[in-house]
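Here's a quick walk through one model, with the cysteines up front and a helix after that. Have the viewer open as you read.

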Amino acid sequence: MAAPARAESDKVAADKAVSSQDGKFFDANGEPTYKIGPDGKVDWYTYSGFQRYSAECLRCHGPDGMGSSYAPALANSLKTLSYGDFLSTVANGRKNLEGGQEKVMPTLGLDKNVMCFIDDIYIYLKARSDDALGRGRPPGKEPKSKAWEEGVNACMGPPS
């Protein structure tokens, strides 16, 4: 029994922000993660992820990643789904024929409203998955970085 407890503590340790670059935080594995202050204020990427999730994912996956009768709770899925698998599933879609029901996650790899913000969405859902962030709009946010704006403009095209 000691081994599973250690594996769980290793996972939790890997999820914590250990480095940052231009306002974006990374865990011990180099994967994007959230940073939440003691006052509940979130980093910009987490806040942006909340906004993009609410605009693009909520209609199927329910509010706050809690799921619906139509699609699974992503706040639960990210407890076991790796960053790479999350990216692959969103980009390539998925078809599930369990229990005689056909459930289809559409291919979103060419949808800029999703893919230009995929790390943001992942970071938000990871915070929800780790129970580090409650339901609803985060209570405060850090300002967006110039690097974030430049990345969005490069992906989406400059604002008109």
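## Cysteines, a helix and two aspartates

There's one disulfide in this structure, and keep in mind that the model is a predicted one. The bond joins cysteine 116 and cysteine 155, whose sulfur atoms sit 1.8 Å apart. Which hand does the disulfide have? The torsion about the S-S bond of cysteine 116 and cysteine 155 comes out at about -80 degrees, so the disulfide is left-handed.

In sequence terms, the two partners are 39 residues apart, and the pair links distant parts of the chain. Cysteine 116 belongs to the loop between α6 (112-115) and α7, while cysteine 155 is part of helix α8 (residues 146-156).

Then there are cysteine 57 and cysteine 60. Why is cysteine 57 not bonded to cysteine 60? Cysteine 60 holds the closest cysteine sulfur to that of cysteine 57, but the distance is 8.6 Å, too far for a bond; the cut-off for a disulfide is 2.5 Å between the sulfur atoms. Seen from the other side, cysteine 60 is in no disulfide, and the nearest cysteine sulfur to its own is that of cysteine 57.

Here's how these cysteines come out for burial:

| Residue | Relative accessible area | Class |
|---|---|---|
| Cysteine 57 | 12% | buried |
| Cysteine 60 | 25% | partly exposed |
| Cysteine 116 | 15% | buried |
| Cysteine 155 | 30% | partly exposed |

So the classes follow because under 20% counts as buried and over 50% as exposed, with partly exposed in between.

Now for the helix that comes after the loop holding cysteine 116. Helix α7 covers residues 118-129, twelve in number, and spans 16 Å from its first C-alpha to its last. That is close to the 16 Å expected at 1.5 Å a residue.

How many of the residues of α7 are buried? Twelve of twelve, which makes α7 mostly covered. The buried set takes in charged side chains too, among them Asp119, Asp120, Lys126 and Arg128. Ile118, Ile121, Ile123 and Leu125 are also included in the buried set, as are Tyr122 and Tyr124.

One packing partner of α7 is helix α2 (residues 44-56), with the two axes 7 Å apart and an angle of about 100 degrees between them. That angle makes α2 roughly perpendicular to α7, because anything from 65 to 115 degrees counts that way. On the α2 side, the contact involves Tyr45, Thr46, Ser48, Gly49, Phe50, Arg52 and Tyr53. Facing them from α7 are Asp120, Ile121, Ile123, Tyr124 and Leu125. Sorted by class, the contact between α2 and α7 has seven nonpolar residues, three polar ones and two charged ones.

Finally, a look at some backbone angles. Just after α7, aspartate 131 takes a positive phi of about 60 degrees, although aspartate 131 is not a glycine. This residue is found in the loop between α7 and β7 (140-141). Is aspartate 131 buried or exposed? With 64% relative accessibility, aspartate 131 counts as exposed.

Aspartate 22 also has a positive phi, near 55 degrees, and is likewise a residue other than glycine. You'll find aspartate 22 in the loop between β1 (19-21) and β2 (24-26). Its relative accessible area is 48%, so aspartate 22 is partly exposed.

Terms used
Residues numbered from 1 in each chain as written. Predicted model: local features only at pLDDT ≥ 70, side-chain atom pairs only at ≥ 80, totals over all residues. Heavy atoms only, no water. Helix = DSSP H or I, 4+ residues; strand = E, 2+ residues; numbered from the N terminus. Expected span 1.5 Å × (residues − 1). Buried < 20%, exposed > 50% of the residue type's maximum accessible area, 1.4 Å probe, protein only. Axes fitted to C-alpha atoms, helices over the stretch in contact; angles between N-to-C directions. Parallel < 35°, antiparallel > 145°, perpendicular 65-115°, else oblique. Contact = heavy atoms within 4.5 Å.
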